[in-house]
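Dear colleague,

Please find below the structure that I am handing over to you. My notes on selected side chains follow it, and I would be grateful if you read them alongside the coordinates.

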Amino acid sequence: MQANFLEMAENAVDYGVMGILILMSIVTVWLFIERMMFFSSVDVMSYKHRDNLELDLTDNLGTISAIGSNAPYIGLLGTVFGIMITFYTLGDAGAVDAKKIMVGLALALKATAMGLVVAIPAIVAYTIALRKVEKLLTKYDVAQKIKAN
């Protein structure tokens, strides 16, 4: 019974946490591509109000930012679970085996690494998209000043 629980807990860390991180990565890439396609096709002069343009330009950027901000924490959560499982397994066995400890900790740390692998590109994508928004808004402002004169 206990072995089944430990196996389920290990699978939850491996497949649950890693699955969530992979899903976050896919969503980030998808939203970034969608934003870049929108930015390349948007006609800033078709907007009468700057606020409406800004709302359309910043759509989904909050999601990319949230993924970049939270992916390391999800990875860290997987690491904590992995370490807890490793220590529980060692305590249950009643013997200290250095090899078992090292393997367990290495496997636990992969969740943190994966969290960083997801977060870093998400923050880069967010920064690139935000800079593109700033450039398009500036283009709109310049065009409105020229139009007013």
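**Findings on selected residues**

Thr 28 is located in helix α1, which covers residues 2-41. Please bear in mind throughout that the model is predicted. With a relative accessible area of 6%, Thr 28 falls under the 20% limit and is therefore classed as buried. When neighbours within four places in sequence are left aside, the contacts of Thr 28 are with Ile 64, Ile 67 and Ala 122.

I turn next to the salt bridges. The search of the whole structure returned 4 of them, and three are described here, beginning with the pair Arg 35 and Glu 34.

The side chains of Glu 34 and Arg 35 form a salt bridge with an N to O distance of 2.9 Å. Are these two partners buried or exposed, or something in between? Arg 35 has a relative accessibility of 2% and so counts as buried. Glu 34, by contrast, reaches 27% and is for that reason counted as partly exposed.

The other two salt bridges have Arg 50 in common. In one of them Arg 50 is paired with Glu 54, and the closest N and O atoms are 3.4 Å apart. Both residues belong to helix α2, which comprises residues 50-57; they are separated by 4 residues, or about one turn of the helix. Arg 50 is partly exposed, because its relative accessibility of 32% lies between the limits of 20% and 50%. Glu 54 is likewise partly exposed, at 31%.

In the other, the side chain of Arg 50 meets that of Asp 141, with 2.8 Å from N to O. This pair connects distant parts of the chain: Arg 50 lies in helix α2 and Asp 141 in helix α4 (residues 98-148), with the two positions 91 residues apart in sequence. Asp 141 has a relative accessible area of 27% and is thus partly exposed. Through shared partners, the salt bridges unite Arg 50, Glu 54 and Asp 141 in one network.

When you open the model, I would suggest viewing two places: the surroundings of Thr 28, with Ile 64, Ile 67 and Ala 122 in contact, and the network that holds Arg 50, Glu 54 and Asp 141.

With kind regards

Note on methods: Residues numbered from 1 in each chain as written. Predicted model: local features only at pLDDT ≥ 70, side-chain atom pairs only at ≥ 80, totals over all residues. Heavy atoms only, no water. Buried < 20%, exposed > 50% of the residue type's maximum accessible area, 1.4 Å probe, protein only. Contact = heavy atoms within 4.5 Å.
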